[in-house]
Amino acid sequence: MNKAEFVELVKKVGDYNTKKEAEQAVSAFTSAISNALSKKKSVELVGFGKFETAIQKAKTGKVPGTNKTYKTQEKSVPKFRPGKALKDQVAKAKK
């Protein structure tokens with residue numbers, strides 16, 4: 001599902017009058033999550049999941065097909081851990 005399809009789904013599920021209102025809601029949500037994570041704060045939505053930052057350690061690797069190697073720097077990356085209610089809902093959909 002791409003962003004346009006997701007906005008349409010939010011419009012329908014959230015009972016928004018226009019697509020523009022739904023897009024503003026999606027943009028506000030993603031901006032708020034991004035802003036919190038950039039400040040190293042976690043966001044927990046009970047039942048849905050937890051957005052947080054994690055440190056990804058530096059590593060070395062080899063470029064396939066050559067003898068060249070590379071090294072990455074340690075960095076912060078976003079992480080999402082789903083909540084129980086979300087896990088249960090997805091598990092039901094499989095049946």
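Here a visitor asks about a predicted model and a guide answers.

Visitor: What is the order of the elements in this protein, from the N terminus on?

Guide: Reading along, you get α-α-β-β-β-β-β-α. That makes three helices and five strands.

Visitor: How do you know that β1 and β2 are paired?

Guide: Two strands pair if DSSP finds at least two bridges between them. Three bridges join β1 to β2 (residues 49–56), so the pair qualifies. The two strands run antiparallel, and Val43 stands opposite Phe51 in β2.

Visitor: And what about β2 and β5?

Guide: Eight bridges join those two, so they pair as well, again antiparallel. Here Phe51 turns up once more: its bridge partner in β5 is Phe80.

Visitor: Why are β1 and β5 called edge strands?

Guide: Look at the order of this open, three-stranded sheet: β1-β2-β5. β1 (43–45) and β5 (75–82) each pair on one side only, and that puts them at the edges. On average, neighbouring strands here are turned by 30° against each other, ignoring direction.

Visitor: What is special about Gly47?

Guide: Gly47 takes a positive phi near 90° in the hairpin of β1 and β2, where three residues lie between the strands.

Visitor: Which strands does α2 lie across?

Guide: α2 lies across β1, β2 and β5, and runs at about 40° to β2.

Visitor: Which residues line the largest pocket?

Guide: Among them are Phe6, Leu9, Val26, Phe29, Phe48 and our old friend Phe51. The elements giving two or more residues to this lining are α1 (3–13) and α2 (19–38). α2 gives the most, with five residues. The space in the pocket comes to about 330 Å³.

Visitor: What makes the lining mostly nonpolar?

Guide: Just count the kinds: 10 residues are nonpolar, two are polar and none is charged. Gly14 and Thr30 are in the lining, and both count as polar because Gly and Thr are not on the nonpolar or charged lists.

Visitor: How do you know that the protein is not a compact globule?

Guide: Set two values side by side. A compact globule of 95 residues would have a radius of gyration near 12 Å, but this protein has 19 Å. The rule for the globule is 2.2 Å times the number of residues to the power 0.38, so the protein's 19 Å does not fit a compact globule. As for its extent, the C-alpha trace spans about 55 × 35 × 30 Å along the principal axes.

Definitions and conventions: Residues are numbered from 1 along each chain as its sequence is written. This is a predicted model: local features need pLDDT of at least 70, side-chain atom pairs count only at pLDDT 80 or more; totals for chains, interfaces and linings use all residues. Side-chain values use heavy atoms; hydrogens and water are left out. On a 1 Å grid over the protein atoms alone, a cavity is a set of points where a 1.4 Å probe fits but cannot get out, and a pocket is an open set with protein on both sides within 12 Å along at least five of seven lines; lining residues have an atom within 4 Å of a point. Grid points are joined across faces, edges and corners, and a volume is the space filled by probe spheres set on the points. Helices (H or I, at least four residues) and strands (E, at least two) are DSSP runs, numbered from the N terminus. Axes are lines fitted to C-alpha atoms, for helices over the stretch in contact, and angles run from 0 to 180 degrees between N-to-C directions. Contact means heavy atoms within 4.5 Å.
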